[in-house]
Amino acid sequence: MSLVTGEVKKQIEKRRTFAIISHPDAGKTTLTEKFLLYGGAINQAGSVKGKATAKHAVSDWMEIEKERGISVTSSVLQFNYGGYCINILDTPGHQDFSEDTYRTLMAADSAVMVIDASKGVEAQTRKLFKVCTMRHIPIFTFINKMDREAMDTFELLDDIETELGIATCPVNWPIGSGKEFLGVYERAEKVVELFSDTRKGTIQGEVKKVSLSSPELSGLMSEEQRSRLMEETELLDGAGAEFDQELVSKGELSPVFFGSALTNFGVETFLQHFLKMTTSPLPRMSDKGMIDPMEEEAFSAFVFKIQANMNKAHRDRIAFMRICSGSFDAGMDVYHMQGGKKVRLSQPQQLMASERKMVEKAYGGDIIGVFDPGIFSIGDTLTTSAERFSYEGIPTFAPEHFARVRQVDTMKRKQFIKGINQIAQEGAIQIFQEFNTGMEEIIVGVVGVLQFDVLKYRLENEYNVEIRMDNLPYEYIRWIENPDIDVAKITGTSDMKRVKDLKGRPLLLFVNEWSIRMTQDRNNGLILAEFAK
Ligand code: G4P
């Protein structure tokens, strides 16, 4: 390894690759659209398709594929702003929720969490957040919809701290909310950014900032608002909620911003601070130690997602990879570690809103999708480095819904097994078996229930196999980490189930957390893990 220099270094340094997470309806799409406005990537947020469909205008580009019944993809949007090259990884929400959502977070260097100011932390945010904290990546909070009645600000912060277990540091502080929303107080600059709802879908017009002592502000602010602001900021300063870049970088402190994505208020301020506080592409762990994009000249990437296309004639698949070091040129040959041979990365694509465009050149930090003739698996490493290495695998995330699946026509056993195994390899579902049965009955586990429909649809359409699915009551899964354990000897609860995964690893299924605790209590030394490594 030597130090990376020149154009590649410059390009990688200016990259900022982050995931945007939220509970559905918190305003993730709206905020993303506003970001794109600043990047000049679109002219007017939501204007292309009119209000009713604005929601799906930019980042929900996989809607059509969803209608066709395949797994919902997270999209990647790239744009330039203020000298940075930004990659936003969008994570699908509610019913679209799947393992893909989790895996997308594995490809990001930081995360932006959007929270609805009237609701605080919601279920989906909590789930996604777990993965962010597991990776210790920086997390930024944008508290949205301040133009509506909001929860008390301290309560909101408290909610984040207790629900998510991360300290917060408000970079700005709201003055009122809803009809009384006056703007935000920038703590470092000691100025108030005045709220205006006239910008909405544009970036025209100036953002007005006035000092706290200006007569203009006195005219706008009631005495009550002023004394409340003073009181609250004093409390904040006293509580030591100071900005600390080191803690932010370790993912232990989340800088918090307030705004209103819909009216485009606070978005640019957020973007500017965020880009400075977040990180350029991070080093990644491999079996040869950390690979730092600033030290490793060779191209390297790992596959974090595989998207099968519904074109039945071709059955083509796209493998999405995160470039971790070096640069990529269209059509280049790279070594596929897991396959043990050289492959040509053909038809490289980058995604921008509803378009896929061919890429000629990409750098560490970027995400590309390449044609996959069926050779890649999630977690695979590709590199041009003479000293071969593999990136640390992507953990298998715990499914939360389970069903027993069997083929209707017993003559179709071969197709059933082939289909279900291939779909499991793509990572859309996880399959489990009981210890003493064959493949005729399989337990399928999914992260989001939509994946059950996807499975049924794909088996019928791609493999011509009709299946029967019976839902099972399990909601929790734990891999057994003790080596050489006799699974039959574990004393569990009556509703616990012993199964093995595709790799033959033993695990337990539970209906509730109480059962997990009971089992743990009854078996001294039993090591249960939520993620398979
Ligand atoms: P999501 O991607 O997180 O699911 O949320 P999305 O941006 O689609 O926003 C959900 C709804 O919240 C949308 O309203 C959107 O206009 C609204 N919204 C987003 N940001 C703000 C904000 O800062 N203030 C207010 N008041 N509303 C906001 P909708 O009625 O569902 O859709 P639409 O008809 O307005 O497009």
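Analyst: On a 1 Å grid over the protein atoms alone, a pocket is an open set of points where a 1.4 Å probe fits, with protein on both sides within 12 Å along at least five of seven lines. This is a predicted model, in which local features need pLDDT of at least 70, side-chain atom pairs count only at pLDDT 80 or more, and totals for chains, interfaces and linings use all residues. Residues are numbered from 1 along each chain, and side-chain values use heavy atoms, without hydrogens and water.

User: What makes up the lining of the largest pocket?

Analyst: The lining has 41 residues (each with an atom within 4 Å of a point), and Glu392, Gly393, Ile394, Pro395 and Thr396 lie nearest the centre. The pocket holds about 1300 Å³ of space, the volume filled by probe spheres set on its points.

User: Why are helices α2 and α11 called roughly perpendicular?

Analyst: Helix α2 (residues 28-38) packs against α11 (residues 267-277) at about 75°, with axes 10 Å apart. The axes are lines fitted to C-alpha atoms over the stretch in contact (heavy atoms within 4.5 Å). Angles of 65 to 115 degrees count as roughly perpendicular, so the pair earns that name. Leu31, Lys34, Phe35 and Tyr38 of α2 meet Val267, Glu268, Phe270 and Leu271 of α11.

User: Why do β27 and β31 count as edges of their sheet?

Analyst: The open sheet has eight antiparallel strands in the order β27-β24-β26-β25-β29-β30-β28-β31. Strands pair if DSSP finds at least two bridges between them; β28 (residues 476-480) and β31 have two. Both β27 (467-472) and β31 (528-529) have a single partner strand, so one side of each lacks a neighbour in the sheet.

Key: Helix = DSSP H or I, 4+ residues; strand = E, 2+ residues; numbered from the N terminus. Axes fitted to C-alpha atoms, helices over the stretch in contact; angles between N-to-C directions. Parallel < 35°, antiparallel > 145°, perpendicular 65-115°, else oblique.
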